[in-house]
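Visitor: I'm new to this one, so could you walk me through it and tell me how you know what you say?
Guide: Sure, take a look first.

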Amino acid sequence: MADSQDNAAENKAITRRQFLSRAWWAAAGLMIVETTGGLVASLWPKLKAGSFGTKVKVASVEEARAMPVGTVAYFPEQRFYLSRVESGFLALYRRCTHLGCVVPWRDDNPSEDALASNGRFNCPCHGGIFDRYGVVHAGPPPKPLDIFPITVENGEVIVDTGTIISRSSFDESQVTKI
Ligand code: FES
């Protein structure tokens, strides 16, 4: 009788030990999930709406249509230029296709296209020169400035700065008609 009581107590003790062990592992598991989850979340880049790498609203359709041909509007935070050409718009990535310098727009430089008498992109690093279509006219850049897709959604002109389109030359299909 005493033996069976001892066995019952031992079984109970083992059950308690197992329970405590499982509880400990569950707590440890939760802690690992929390810690690694937090670490992953802190390392993952957070893209703010409207920042580079996201879809950016640039203007209403009416505002865009009112831009005179030859106008180049700069969106520095979003790293692109909206270029108004004869048949529509190009969103030109500001990164030089030679070695990646930021290419400034120069209103006071002579034009390289027929859209206006002044204005061109002039890379300060090695003298790369581009026109309003992003086409190279001088210097070492091997190809035109990259572009981003432009769409119209709910009457707003949207540039998708998360999608970089490389091109070897300009062709009219790259222009978005609005
Ligand atoms: S980086 Fe622009 S010309 Fe070299």
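Visitor: What makes R120 and E112 a salt bridge?
Guide: This is a predicted model, and in it the side chains of R120 and E112 meet at 2.6 Å, N to O. The cut-off is 4 Å between a side-chain nitrogen of Lys or Arg and a carboxyl oxygen of Asp or Glu, so the pair is called a salt bridge.

Visitor: Why is R120 called buried, and what about E112?
Guide: Buried means under 20% relative accessible area. R120 has 14% relative accessibility, so R120 counts as buried. E112 has 28%, and values between 20% and 50% are called partly exposed, so that is the label for E112.

Visitor: How many salt bridges does a search of the whole structure find?
Guide: That search finds 7. Another one of them joins R95 to D146, with the closest N and O atoms 3.4 Å apart. That value is within the 4 Å cut-off, so the pair counts.

Visitor: Which parts of the chain does the R95 and D146 pair link?
Guide: Distant parts, with the two residues 51 residues apart. R95 sits in the loop between β4 (88-93) and β5 (105-110), while D146 sits in the loop between β8 (136-138) and β9 (147-148).

Visitor: Are those two buried or exposed, and how do you know?
Guide: D146 has 3% relative accessibility, under the 20% cut-off, so D146 is buried. R95 comes out at 35%, so R95 counts as partly exposed.

Visitor: What makes R95, K143 and D146 a network?
Guide: D146 forms a salt bridge with R95, and the side chains of D146 and K143 also meet in a salt bridge, at 3.1 Å from N to O. R95, K143 and D146 are therefore linked in a network of salt bridges. As for K143, its relative accessible area is 24%, so K143 is partly exposed.

Visitor: Let's move to the strands. What is the order of the open sheet of 4 strands?
Guide: The order is β2-β3-β4-β9, with antiparallel pairing. β2 (72-75) and β9 stand at the edges, each with a single partner strand, so one side of each is left without a neighbour in the sheet.

Visitor: How do you know that β4 and β9 pair?
Guide: Two strands pair if there are at least two bridges between them. 2 bridges join β4 to β9, so the condition is met, and the strands run antiparallel. Within this pairing, A91 stands opposite F148 in β9.

Visitor: Why is β6 described as largely enclosed?
Guide: In strand β6 (residues 118-122), 4 of the 5 residues are buried, so the strand is largely enclosed by the rest of the structure.

Visitor: Which strands does β6 pair with?
Guide: β5 and β6 pair in the antiparallel sense over 3 bridges, and the bridge partner of P110 in β6 is N118. β6 also pairs with strand β7 (residues 129-130), antiparallel again, over 2 bridges. There, N122 has I129 in β7 as its bridge partner. β6 and β7 form a hairpin with 6 residues between them, and G127 in the turn has a positive phi of about 80°.

Visitor: What is notable about the phi of R79 and N154?
Guide: R79 has a phi near 65°, a positive value in a residue other than glycine. N154 is not a glycine either, and its phi is positive at about 50°. R79 lies in the loop between β2 and β3 (80-85), and N154 lies in the loop between β10 (150-153) and β11 (156-160).

Visitor: Why is N154 called exposed, and R79 partly exposed?
Guide: Exposed means over 50% relative accessible area. N154 has 82%, so N154 passes that mark. R79 has 34%, between the two cut-offs, so R79 counts as partly exposed.

Visitor: And V159, how do you know whether that residue is buried or exposed?
Guide: V159, in strand β11, has a relative accessible area of 0%, which is under 20%, so V159 is buried.

Visitor: What is V159 in contact with?
Guide: Leaving aside its neighbours within four places in sequence, V159 is in contact with T54, K55, V56, V58, F80, A91, F148, P149 and I150. For P149, the C-alpha atoms of the two residues are separated by 5.9 Å, while the residues are 10 residues apart along the chain.

Conventions:
Residues are numbered from 1 along each chain as its sequence is written. This is a predicted model: local features need pLDDT of at least 70, side-chain atom pairs count only at pLDDT 80 or more; totals for chains, interfaces and linings use all residues. Side-chain values use heavy atoms; hydrogens and water are left out. Buried means under 20% relative accessible area, exposed over 50%, partly exposed in between (1.4 Å probe, protein chains only). Contact means heavy atoms within 4.5 Å.
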